[in-house]
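Welcome to this guided tour. Open your viewer, get your selection tool ready, and follow along stop by stop.

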Amino acid sequence: MRTSEGKITKKDLRGLFLRSLPMEASFSYESMMSMAYAYCMKPIITKLYDDPEKQKDAMQRHIEFFNCTSACTPFILGASAAMEEQNAMDPQYDTGAINQVKSDLMGPLASLGDTIFWGVLRMAAAGIGISLALQGSYLGPVLFVLLFNVPNFLFRYFGAVLGYEKGPSLIRELSQSGVVERLTWALNILGLVIIGGMTAFMVRVQTPLTIAGVSVQAGLDHVLPGLAALLFTLLLYWLMKKNVSSNWLIAGCLLLGVAAGMCGILA
Amino acid sequence: MLIKVGLLFLVAFLAYMQDFLGTTFIGRPLVSGWITGLVLGAPLQGLVMGAVLELVWMGLMEIGAAISLDIVAGGILGIALAVWADGNIGFALLFALPASILGGILENFFYSKINSAYCRRAKEYIDRGQLDKGARMHIAASLFHPLAGAAMVALLFGMCAGWAQNLASFLPPTFLHGLSVAAMLLPAVGFATLLGMMLNKKTVPFFFLGFILAAALGLSMTAIVMIGCIAGGIMFILLSEIHQNTSGKEAPADEDF
């Protein structure tokens with residue numbers, strides 16, 4: 001028998017959003033975000049099901065392996081909430097579908113989410129923040145936190161709502177329309193523009209050397225400021241494409257930097 | 001001194017809580033730098049060092065296969081010891097690397113042993129019907145790592161501070177200068193890695209666009225980011241048009257906003 005409170009409300013979704021914040025905080029290699037997922041689903045489960053056995057079953061469903069970009073998890077949580085709600089109402093409901101949908105959504109949302117949050121958004125916010133901080137402005141860290149987290153929190157909250165209302169059907173629509181590929185392409189473009197700008201600002205390859213009284217650096221800057229930094233970065237990119245491991249590149253930069261700095265070749 | 005160690009514990013704890021609060025990145029050197037500097041009386045120095053370490057970290061994402069680097073410990077300890085020893089950014093780099101390795105070992109221990117133990121315990125509680133206790137294991141585990149990490153950072157600072165000062169006066173200034181040069185070369189590794197992931201024949205021009213906007217036109221990063229969004233937006237619209245034309249659908253007559 002369902003209680004009169006069987007339907008999930010906006011308040012429940014808000015609770016889902018809040019409880020999803022520590023999603024990454026108890027990460028383990030074994031089952032990754034499983035504890036976090038169960039923690040988020042618990043109030044929904046206790047609301048939807050009266051029978052302790054059913055509650056236990058549901059919790060066991062949601063403490064299984066789970067991994068996704070943290071900001072994308074509220075969407076999946078919303079979808080799970082909607083499915084659990086249907087499961088509670090309909091005794092014929094295919095319970096196995098609930099975890100199936102979780103598995104189906106985890107992969108694509110993680111790759112899109114990583115591109116957006118760990119990739120482009122972080123680079124944009126960090127790029128702006130770093131450039132300000134290097135000039136001594138405290139606005140740097142402030143803007144970094146704001147530029148990243150306003151989208152972060154909005155995505156999470158509306159993700160929960162959208163996941164509950166539209167859920168897995170939305171993902172199917174999107175993947176059929178090819179929007180995700182075009183979006184990824186556009187995001188890569190944004191990311192590259194940012195990296196291009198950062199290469200100019202934040203890689204420092206400058207020489208104090210002079211040849212016959214003429215400053216080498218001034219000559220290089222006359223052609224194109226930051227040219228040496230660009231060439232150096234492209235050199236590293238080329239080496240990386242030749243499968244030189246990044247460990248060697250890091251060690252190389254350290255050695256080169258210290259040696260060239262001490263000899264006065266670089267400043 | 002004890003007060004400074006205590007304050008650093010608080011700063012490190014808050015920094016490690018970045019994931020508890022929603023993966024907010026407040027523990028990264030760009031943010032923790034000036035706070036760490038503030039505790040030790042030099043917020044501006046901390047601010048700049050934090051920005052440089054944040055850049056360097058773009059290249060240090062994966063050192064070695066086994067242990068990931070702990071950017072929170074690296075940032076706070078590196079900057080704290082560098083500010084304390086009156087050193088420059090090269091000094092911060094010198095300490096940030098080993099500090100992040102130690103933090104990474106601790107983090108690895110949590111991810112492989114401690115948190116999985118909490119998870120197993122949670123499953124046991126749930127199997128016995130104690131759903132509340134089971135769910136709360138997540139919170140317990142989430143608070144444990146920040147506490148342990150913060151304690152490690154504070155303790156290491158307390159133990160190494162004096163030694164760091166001696167080291168600073170012992171190292172030749174040219175060596176430290178060389179380290180600061182290296183610190184500004186390292187971001188290129190990070191950028192090269194990112195290029196490796198994002199650069200292909202269809203996106204090449206945009207990297208150079210970003211570079212030219214900064215180098216030849218001298219635009220700020222904010223402007224460059226906005227132009228990047230515009231470029232991405234234009235391409236998205238174009239691609240959508242192509243998609244509609246090739247799939248034979250009718251485009252809407254007038255795309256009102």
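A word on terms before the opening stop: a patch is made of residues with over 30% relative accessible area and no salt bridge, where like charges are joined within 9 Å and nonpolar side chains (Val, Leu, Ile, Met, Phe, Trp, Tyr) within 5 Å. Accessible areas come from the Shrake-Rupley method with a 1.4 Å probe, and for residues only the protein chains shown count as cover. A salt bridge is a side-chain nitrogen of Lys or Arg within 4 Å of a carboxyl oxygen of Asp or Glu.

This is a predicted model, in which local features need pLDDT of at least 70 and side-chain atom pairs count only at pLDDT 80 or more, while totals for chains, interfaces and linings use all residues. Residues are numbered from 1 along each chain as its sequence is written, chains are lettered from A and ligands numbered from 1 in the order in which they are written, and side-chain values use heavy atoms, with hydrogens and water left out.

**Stop 1: a nonpolar patch**

Select Leu139(A), Val142(A), Leu146(A), Val150(A), Leu154(A) and Phe158(A): they make up a nonpolar surface patch, and together they have about 560 Å² of accessible area. Phe158(A) sits in helix H6 (residues 139-165) of chain A. Helices (H or I, at least four residues) and strands (E, at least two) are DSSP runs, numbered from the N terminus.

Now pick Leu154(A), which is also in helix H6 of chain A. Is it buried or exposed, or partly exposed? With a relative accessible area of 46%, Leu154(A) is partly exposed; buried means under 20%, exposed over 50%, and partly exposed in between (1.4 Å probe, protein chains only). Add Ala71(A) to your selection: its C-alpha atom is 9.4 Å from that of Leu154(A), with the two positions 83 residues apart along the chain.

**Stop 2: helix H1 of chain A**

Which residues of helix H1 (residues 10-19) of chain A are buried? They are Asp12(A), Leu13(A), Leu16(A) and Phe17(A). Look down the axis of H1(A): the buried residues fall within an arc of 145°, so they line one face of the helix. That arc is taken from the directions from the helix axis to the C-beta atoms.

The buried residues of H1(A) pack against helix H2 (34-48), helix H4 (73-89) and H6 of chain A. Turn to the face away from this buried side, and you will find the exposed residues Lys11(A) and Leu18(A).

**Stop 3: a buried lysine**

Go to Lys102(A), in helix H5 (residues 96-134) of chain A. Lys102(A) is buried yet has no salt bridge, and the nearest side chain of opposite charge, Glu64(A), is 6.4 Å away. For charges, Lys and Arg count as positive and Asp and Glu as negative; His and the chain ends are not counted.

What is Lys102(A) in contact with, leaving aside its neighbours within four places in sequence? Show Tyr37(A), Arg61(A), His62(A), Phe66(A), Ile76(A) and Ser80(A). Contact means heavy atoms within 4.5 Å.

**Stop 4: salt bridges between the chains**

The whole structure has six salt bridges over all chains. For one of them, select Arg120(B) and Glu30(A), whose side chains meet at 3.2 Å, N to O. This pair crosses between chains, from helix H5 (residues 89-127) of chain B to the loop between H1 and H2 of chain A. Arg120(B) is partly exposed at 43% relative accessibility, and Glu30(A) is partly exposed at 44%.

Next, select Asp132(B) and Lys42(A), a salt bridge whose closest N and O atoms are 3.1 Å apart. This pair also crosses between chains, from helix H6 (residues 131-170) of chain B to helix H2 of chain A. Lys42(A) is buried, with a relative accessible area of 12%, whereas Asp132(B) is partly exposed at 40%.

Add Arg136(B), which forms a salt bridge with Asp132(B) at 3.7 Å between the closest N and O atoms. Both lie in helix H6 of chain B, four residues apart, about one turn of the helix. Lys42(A), Asp132(B) and Arg136(B) are thus linked in a network of salt bridges.

**Stop 5: two loop residues**

Met32(A), in the loop between H1 and H2 of chain A, has a positive phi of about 55° although it is not a glycine. In chain B, find Phe25(B) in the loop between helix H1 (2-16) and helix H2 (29-39). Its phi is near 65°, a positive value in a residue other than glycine, and Phe25(B) is buried at 2% relative accessibility.
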